[in-house]
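Me: I should like to learn how to read helix packing and chain contacts in a model. May we work through one together?

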Amino acid sequence: MTHQKLLASTAAVAFLALGSAGFAETVVTMNTVQIFGTIDPAKISDYTDYMAAVNLYDGLISVDSSGNLIPELAESWTVSADAKEVTFKIREDAKFTDGSPVEATDVIYSIERLLRINQGPATLFAEVLTPGSVVAVDAKTVKFTLAKTFAPFLATVPAIMILNADVVKPNEGTDDAQEWLATNVAGAGAYSLKSWDRGSEMTITRNPEYYKGFLEGPIDTVHWIITSDEATVKSLAASGELTMTSQFQSPETYKALVDMGRFQMVSQDTGTAFYLKLNTKVAPTDDIHIRRALAHATDYATIREVIFPGGVLSTPLPKAFAAYHNDDIPEPKFDMEAAKAEISQSKYAGAPIPITLGYVAGTGFEEEISLLMQSNLEQLGFVVTQAADPWNRITEIAGKVETTPAVNQIFFGPTYPSPDSMFFTQYHSKSAGTWASMEWVNDPEVDAMIDEARATGDVAEQAKIYKALQAKLHEMQPDVYLLTQTVQHAMDKCLTGFKAVPMQSFDYDFTRYQWTCK
Amino acid sequence: MTDIPLTNAYQNWYRFSRNPTAMIGLVIVVICVLAAILAPYITPFPDHVGAVTNFRARHLPPSAVNWFGTDNVGRDIFTRVIFGLRISLLLAVVVLGIAIPVGTILGMAAGYFGGWTEIVIMRVTDVALAIPPLVMALAVAAVLSPDLLHSMLAIASLWWTWHTRMIYSITRQLRTQEFIEAAETLGASKFHILFREILPNCVSAIAVKTSLDCGFVILVGAALSFLGLGIQPPTPDLGTMVAQGASFLPDYWWESVLPGSAILFLALGFNLLGDGLRDLFDVEDVR
Amino acid sequence: MEFLSFLIKRALWSVLVLVGLSMVIFVIARVVPGDPARMALGPRATPEQVAMMQSELGLDRPIVEQYGLFIQGLTRGDLGKSLLTERPVTDDIRETFAATFELVLCTMLLAMGFGVPLGMIAAYWKDQWPDTAVRFFAIFAAVTPSFFLALLLQILAGYVLHLLPTTGRLPNSMEFEASWTGLLLIDSVIAGRLDVLGEALRHLLLPSIALAAATMGQMARLTRASMIDVSRQDYIEAARAFGIPEWLRVTKYMLRPSFVPPLTIMGLEFASLIGGAFVVEMVFAWPGMAAYGIRTILQKDLNAVMGVVMVSGVFFVLVNLAIDVLVGFVDPRVRIRGRR
């Protein structure tokens, strides 16, 4: 190759870099590892869905990085003494992207549609909200009357995205506008949908007229590229096209990006826990001693320090919920001798013990953890089968006790900023049969404690129940507590504003980000 | 086509051994097969085939201890490559073990009987040719579960057609020859004619094609496991190793480049051997 | 006249193959899975949805009738809905096919454009060093796994030399809608966007080299063999005796007939080329039909996978038809004899 060509190609790269540094507009390109399932506010359920939804729609309230509820469309709210009535006052200047004002009727329409379709966020309000529960006090005030006391109610309100009723109604068709809202947006969000190819990308652009305004150096366009392929991520970064990575890249990729000079690592502790979920209803993990043996046979330090960055997790509840965390339960320890002792007490002692380790296919760190587990377990006389399945297959096998593997690597983070989200979704028998509840705990006592905490308005009382519940669950050992996730992104040094939020993916609300380079 | 009787083994071997490419091919194939069979005895870390992890020794570059370096959990790549040859060779043996007998019998039947037998068999091969074996294996993986056995069966279900086409054209040429007509006049059974008169004349072509095919089947199998449809970990599989190593490019290049080279080496051996046999038997039309 | 009847015969053969192909796919999609309706709808489908799909597919009717319904759907271009994208499979394939087509077209041009001249060089200097070199190239090209070559090219050009882009069809920052043909190389010229054309070519280069290598080697080998074969023919000897200059002899009298076997094989090679596209598209994150196929397979997205298999098969049959016609033009003898 000639010298001239080299110069020409460097010049092209330099030009690109200038382009993304924001001559005209600021573009953030980010890769994400799963597809956006839906943008319909009545159907959004997982982490990736919310990533789009929090930017395209606004709720009455939102959540900050400490888990506090903060105003969004509602400027203030009041809770009655018995915690059964909640009244929201909508901002005077709150308006939808088409310029029309946000009113109480829009809130009522959004919630009733949510309850009719009964998917996604609706599961949070089962038995709590019914048609007619929400009424307009005046044009800018709505009152929620709960069917029963539900302590975490306020914390679940950010999950409700408000629709522009006047725009949606003409498009209702016969299916409550499900088809229309699958590809169209009608809300008050700071961003509009520009393009969306379900398998490969989504682009959203800023609404300059957004009622809350923006910080200095706002992000004009956000472009998500759906890929988990490390080589693609590195190559996008090298060509100057990538602004921030997903939080699931390998340490090697992060290092390669930092070495490029343009990126820095942004790491933060989160309230997301990473477990080995043990199916308590199939052999051999139906035996408490085997479950304890697994907890002893896990090399926590290697996992946290080498394979996947994280902090200590010693109960089912991450330390981020400090007020509710049971600090008396000791940190789990890697101890092969103790594991041996537990096995000898189990009903499976004395013979090779077959066991299946499940994980998400194609995720490098989960395979590494699975191999690490296998090498330790084989020394203890287990006969290990690895079962790597794609994510949607895991959601399917989680539906039945018999198809759920004995051991499963699962991340679970709060879906709303309350400990209830961690306990109800994972351990209550009403939540059985999902990927989040692969332990199949189904224990009446556990159910009763979760219900009791829900019915208690008093925080101190709640904390007491949750601490007892952690002790109870620790006694049953339905999980191996691997770690609390330290979320990591490689980000362009010019981009600031990432702060982990203990609710879904509210930390990707791009009104919170700033481009600091000129 | 001039066929050399296989009984004249010494003469054949003499001619074969004078053909440098064929000899190189044979040496490579013999080395690979022996290495695969003797893997537990000749590899430095035979326990690294399983789930051994040593995170302090991850991503080590090639050295005197780890000839091919180590992978992302600290296992010796050289050991795993040698064991990986087993899966590749197994794949070739199973696929061709099905494809060759089926393909040969159908090819002889189509060529010898003609008529409807010929029409049906040959049209089916036309259809099968329109589906790339890799794509077929992918389709089967989508319906059943993605594992090695299903992939092998899917590939075999198409591979026989190539043998059918080859044997068919040879049989057609033979059918009109005097020795076949003589056998027919003498009242030999159809079975006798197919298996005692025609088959021996196809043997050299089959040998050449088998050798070339081994290389191609190994390549298809490697591509499948590269795409994530191979055997479950921790069993070493060359295609899977390349795919995993690829996410650590370019810093830890050995994790993908060296297993990839092993596939190339193995396929090269079979290809050179096939080429040499083709020269030896002078069967030009086998590809 | 005889050319016309040749064409009709070839077309009829193609239709026959397509019917066979549809049967194979029908068996895989509808007979092999225990409950095709549940598979096609995915794990989250409700029992009502499954029941509706079952009656829609006519799963309670005799197998022959089910096949009839299946064909009816195919002829309407109805391949069902993809689980991954929740859109009709036909739409997905229409959008991704252009990228694959562009890649494959470019690959075939490369394979022919370099393979045939290499073969001529080898034949001309038979048994001398250029011949040996070409032979080595052909063997190595044939035995190098395409995904491996793709990775090597990616390391070399993308990471070591920083010369060429290693993923996608265009830079993400470049806005361009290929709205006429879907082929960037053509649409960018129509739109007068030379910058897009340049970028498209840069992005195309590595994937098409990775995909073309094996076929190129095969072309070179066959052209060589076929040229040597032709050069032994009487009429070439006669031309030599008449003192026709060598360049004219090679280009005019030898090249044309020598072209036939490589061209015919190109048609058959095409199947492995499509197979190769699946891995090459994955490595280069090429937004084509094959990459779509792989993504959907890992999701067990039955409708999408069957659509991709069907379109690959149809693509193969059409290319072979086109090549047969081309061969008929190049070599009149073929029109009478037929080639199979």
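Reply: Two packed helices are described by the angle between their axes and the distance between the axes. In this predicted model, helix α5 (residues 89–124) of chain C packs with helix α12 (residues 260–283) of chain C at an angle of about 135°, and their axes are 11 Å apart.

Me: Which word describes how α5(C) and α12(C) lie to each other?

Reply: Angles over 145 degrees would count as roughly antiparallel; α5(C) and α12(C) are therefore oblique to each other. The crossing in which α5(C) passes α12(C) is right-handed.

Me: Which residues make the contact of α5(C) with α12(C)?

Reply: From α5(C) come C:Thr100, C:Leu103, C:Val104, C:Thr107 and C:Val116, while α12(C) provides C:Pro262, C:Leu273 and C:Ala277. By class, six residues of this contact are nonpolar, two are polar and none is charged.

Me: How many residues does the contact between chain C and chain B take from each chain?

Reply: This contact takes 39 residues from chain C and 37 residues from chain B. Among the elements of chain C that each supply at least two residues of the side touching chain B are α1 (2–31), α12 and α14 (302–330). That side of chain C has 31 nonpolar residues, seven polar and one charged.

Me: How many residues does the contact between chain A and chain C take from each chain?

Reply: Here 23 residues come from chain A and 22 residues from chain C. On the chain A side, α1 (3–20), α7 (230–238) and α13 (391–397) each supply at least two residues. The side of chain A that touches chain C divides into five nonpolar, 13 polar and five charged residues.

How values were computed:
Residues are numbered from 1 along each chain as its sequence is written. Chains are lettered from A and ligands numbered from 1 in the order in which they are written. This is a predicted model: local features need pLDDT of at least 70, side-chain atom pairs count only at pLDDT 80 or more; totals for chains, interfaces and linings use all residues. Two residues are in contact if their C-beta atoms, placed from the backbone, lie within 7 Å. Helices (H or I, at least four residues) and strands (E, at least two) are DSSP runs, numbered from the N terminus. Ala, Val, Leu, Ile, Met, Phe, Trp, Tyr, Cys and Pro count as nonpolar, Asp, Glu, Lys and Arg as charged, and the others, Gly among them, as polar. Axes are lines fitted to C-alpha atoms, for helices over the stretch in contact, and angles run from 0 to 180 degrees between N-to-C directions. Angles under 35 degrees count as roughly parallel, over 145 as roughly antiparallel, 65 to 115 as roughly perpendicular and the rest as oblique. A crossing is left-handed if the near helix is turned anticlockwise from the far one by less than a right angle, and right-handed if clockwise.
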